[in-house]
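Reader: I've just opened this one and I'm new to it. Could you walk me through what you see, and how you know?

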Amino acid sequence: MSRGQTSRGRARAVRARFALPSAKPLLKTVDQGEPVTVHAEAVGQVGDRWMGPFLDANGPLLRRLELRPEVRTEGGVRLVLHPGNRIGAIPLLSPSTRKVTAGLLVAPRFRWSSLGAVFQQTGFSVEPALGAAQPVPGSAREVPPWILAAPVLRRLEALLGHERRGFVEMRETRASPRGRIEWSTWASRQVPRAQLDRFPCVFPDPQFDPSLRAQMRWTLRRVLDSLTSVADSSVGRALAEKAAALDQRLGDGPDQRPRGDAVGALGAFVAEAQEAMGWVAEERGLGGARALDGLAWDLRVDRLWEAWVARFATALAPRLGMTVRANPRHSIHWSGSTRSLSALIPDAVLQSRDRIVLLDAKYKAHLSLLASRGWDALSTEVREAHRADLHQVLAYASLGHADDVDALLVYPDLGTAAAPPRAIATLPAGRRRLRIILAALPFGFAGPDVEERAMQKWREMLTTGS
């Protein structure tokens, strides 16, 4: 006879049945923040010879987030990753098995709420790149759902704007024949009922793809459900209103979980929308209560900062009696076969009849460092980078023909001082007055009153020169 299971063995079996799988670590930092140390045990390795194979396996992923690797030897050999201007989440692969063994999240240094405010106030003009990698362990509950909801809604809105009617085969019993009459069905069903004037017909009818619309309804309602956790934020409310409006445009009808297969013949619009619906159907990063792993994604915060500065310049221009040109392009025409930059493109230009204000957005801490340490205490790297930025904005200043030119380098206000730092210098430029201004701007406005105060300070700075 075989031995029965002991009570202790049965208890172990129950615990094993309900035990959660061991969590894979999620390494965290912020953009331009402290470096992340990758320990051998986090990627399932021992010793110190794993770093080369690890960098080979994860090189494309690290470059996606602009993470600069460095091997340090003081106090023991270790690998550290320096964050840059990108935020996002990526999986980390084991150098031996190439399976996901950990995740890495680079969060915004200005908090998610500030990032959400900038997203909303720039009209979601800059969006993250999603997918293109395996899921990131533990990231779904760290990333707010609006990060991924915004591109999903944009793709569905684009599809609705380019949707075309197609022919769907309809079956209907009619008094007047249409299309093809199914005579066998008429003889077996209608004749015994003495309904000789009712004809079962099959005919093509121009309609929007009902299956695709059902999948879109399911996706929009799922997105709306995920946004309930951030309903108290302005960006969450704005996206929820947009999702509800799109759902209303679709109208009543059934919903269907996206299947992932291509429907219709609309090309890129259908493909992009179905990819986005697949993200939601897989519950990757939308509604963290359902999943721990999230989509891989990345976003260049410096580009979002440029869009934010351009938006602020557009609102500021009427206060100065000026008009705005966003991303004006000034072509450079080279002679000969050797060429360099093809154009100079400031982020925004304000202009009037006799004045020009040029703005170049720099997502850097240079102004804060200058205010707290001074030029002589800055590192050589920072001084060289700042010198290049000054030369760039001076090149922009040469493009205008007005007598009065202000060239601004606009930095994010890090909130480390009681008042946002600024610096103003006047340069001799013949008959023109040329000023170089280093100015700080908040990364997003907490409310209309905060925006109004910033507008007044900038108007005073540009009209009085102090």
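Reader: What share of the residues in the protein is buried?

Author: This is a predicted model, and in it buried residues make up 45% of the 466 residues. Buried here means under 20% relative accessible area.

Reader: What does the protein expose, and which atoms supply it?

Author: About 24,400 Å² is exposed, with carbon and sulfur atoms supplying 51% of that area.

Reader: How many helices and strands are there?

Author: The protein has 12 helices and 19 strands.

Reader: Let's look at a pair of helices. Why is α6 called oblique to α8?

Author: The axes of α6 (residues 210–226) and α8 (residues 268–281) cross at roughly 45° and come within 10 Å. Angles under 35 degrees count as roughly parallel and 65 to 115 as roughly perpendicular, so α6 is oblique to α8.

Reader: Which residues of α6 and α8 make the contact?

Author: On the α6 side, they include L212, W218 and R222, and on the α8 side, V270, Q274 and M277 are among them. By class, this contact has eight nonpolar, three polar and one charged residues.

Reader: And α4, how does its axis cross that of α8?

Author: The axes of α4 (residues 146–162) and α8 cross at roughly 145° and come within 9 Å. The crossing is left-handed.

Reader: What makes up the contact of α4 with α8, by class?

Author: It has 11 nonpolar, one polar and four charged residues. Among them are R154, R155 and L159 of α4, plus E272, E275 and W279 of α8.

Methods: Residues are numbered from 1 along each chain as its sequence is written. This is a predicted model: local features need pLDDT of at least 70, side-chain atom pairs count only at pLDDT 80 or more; totals for chains, interfaces and linings use all residues. Side-chain values use heavy atoms; hydrogens and water are left out. Axes are lines fitted to C-alpha atoms, for helices over the stretch in contact, and angles run from 0 to 180 degrees between N-to-C directions. Helices (H or I, at least four residues) and strands (E, at least two) are DSSP runs, numbered from the N terminus. Angles under 35 degrees count as roughly parallel, over 145 as roughly antiparallel, 65 to 115 as roughly perpendicular and the rest as oblique. Contact means heavy atoms within 4.5 Å. Ala, Val, Leu, Ile, Met, Phe, Trp, Tyr, Cys and Pro count as nonpolar, Asp, Glu, Lys and Arg as charged, and the others, Gly among them, as polar. Buried means under 20% relative accessible area, exposed over 50%, partly exposed in between (1.4 Å probe, protein chains only). Accessible areas come from the Shrake-Rupley method with a 1.4 Å probe; for residues, only the protein chains shown count as cover. A crossing is left-handed if the near helix is turned anticlockwise from the far one by less than a right angle, and right-handed if clockwise.
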